[in-house]
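Here is a short report on a protein model. It moves from one residue to the sheets, then to the core and the loops.

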Amino acid sequence: KGVLTLDQTSLLGVFGTKSNRRALLRLSDGRMRRVSQGEVINGWVISRIEATSMRMTRGSEVRNLRLIR
């Protein structure tokens, strides 16, 4: 728990206002990327960004990421 898994996408930070949140991700290939709701990353759509978590969807699949602490 609270450990960064290097071969998976991880949520490192959330910033912005409640109505305009952005997230900082570490992708599985090691790159860092800032994303907004609606963007597509490796086929996954960023469907929601909350204060401490983020939801991505790909078809019927759902992936929830929580902040690494």
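Which residues does arginine 22 touch, not counting residues up to four places away in sequence? The model is a predicted one, and in it arginine 22 touches Gly13, Val14, Phe15, Arg34, Val35, Ser36, Glu39 and Ile49. Arginine 22 is found in strand 2. With a relative accessibility of 27%, arginine 22 counts as partly exposed. Serine 36 is one of its contacts. The C-alpha atoms of arginine 22 and serine 36 are separated by 4.8 Å, although the two residues are 14 residues apart along the chain.

**The sheet of strands 1 to 3**

Strand 2 belongs to an open sheet of three strands in the order 1-2-3, with antiparallel pairing. The edge strands are strand 1 (10-17) and strand 3 (32-36), and each of them pairs on one side only. On average, neighbouring strands of this sheet are turned by 25° against each other, direction ignored.

Strand 1 pairs with strand 2 (residues 20-26) over seven bridges, in the antiparallel sense. Leucine 11 stands opposite leucine 25 of strand 2. Strand 2 also pairs with strand 3, again antiparallel, over five bridges. Here arginine 26 stands opposite methionine 32 of strand 3. The hairpin of strand 2 and strand 3 has five residues between the strands. Within this hairpin, glycine 30 takes a positive phi near 95°.

**The sheet of strands 4 to 7**

An open sheet of four strands follows the order 4-5-6-7, and its pairing is antiparallel. Which strands stand at its edges? They are strand 4 and strand 7 (61-66). Each has a single partner strand, so one side of each is left without a neighbour in the sheet.

Strand 4 and strand 5 run antiparallel and are joined by two bridges. Valine 40 has valine 45, in strand 5, as its bridge partner. The loop between strand 4 (40-41) and strand 5 (44-49) holds asparagine 42. Asparagine 42 is not a glycine, yet it has a positive phi of about 50°. Is asparagine 42 buried or exposed? It is exposed, with a relative accessible area of 53%.

Threonine 57 lies in strand 6. Leaving aside neighbours within four places in sequence, threonine 57 is in contact with Gly43, Trp44, Val45, Ser47 and Val62. A relative accessible area of 22% makes threonine 57 partly exposed, because buried means under 20%. Its C-alpha atom is separated by 19 Å from that of aspartate 29, 28 residues away along the chain.

**Core and ring contacts**

The largest nonpolar core has twelve residues. They are Leu11, Ala23, Leu25, Leu27, Val35, Ile41, Trp44, Ile46, Ile49, Met54, Met56 and Leu65. Strand 2, strand 5 and strand 6 (53-58) are the elements that give two or more residues to this core. Strand 5 gives the most, with three residues. In soluble globular proteins, nonpolar side chains tend to be buried together.

Leucine 65 is one of the core residues. Apart from residues up to four places away in sequence, leucine 65 touches Thr9, Leu11, Leu25, Thr52, Ser53, Met54 and Met56. Threonine 9 is placed in the segment before strand 1. Threonine 9 is buried, with a relative accessible area of 14%. With the same sequence neighbours left out, threonine 9 touches Leu25, Arg26, Leu27, Ser28 and Leu65.

Tryptophan 44 is another member of the core. Arginine 63 lies over the face of tryptophan 44, at 4.3 Å from the ring centre. How many aromatic pairs does the structure hold? It holds zero.

**Accessibility of selected residues**

| Residue | Relative accessible area | Class |
|---|---|---|
| Threonine 9 | 14% | buried |
| Arginine 22 | 27% | partly exposed |
| Asparagine 42 | 53% | exposed |
| Threonine 57 | 22% | partly exposed |

Conventions. Residues numbered from 1 in each chain as written. Predicted model: local features only at pLDDT ≥ 70, side-chain atom pairs only at ≥ 80, totals over all residues. Heavy atoms only, no water. Pairing = 2+ DSSP bridges. Axes fitted to C-alpha atoms, helices over the stretch in contact; angles between N-to-C directions. Buried < 20%, exposed > 50% of the residue type's maximum accessible area, 1.4 Å probe, protein only. Phe/Tyr/Trp six-rings, centres within 6.5 Å; stacked < 30°, edge-to-face > 60°. Lys NZ or Arg CZ within 6 Å of the ring centre and 35° of its normal. Core = buried A, V, L, I, M, F, W, Y, C linked by side-chain atoms within 4.5 Å. Contact = heavy atoms within 4.5 Å.
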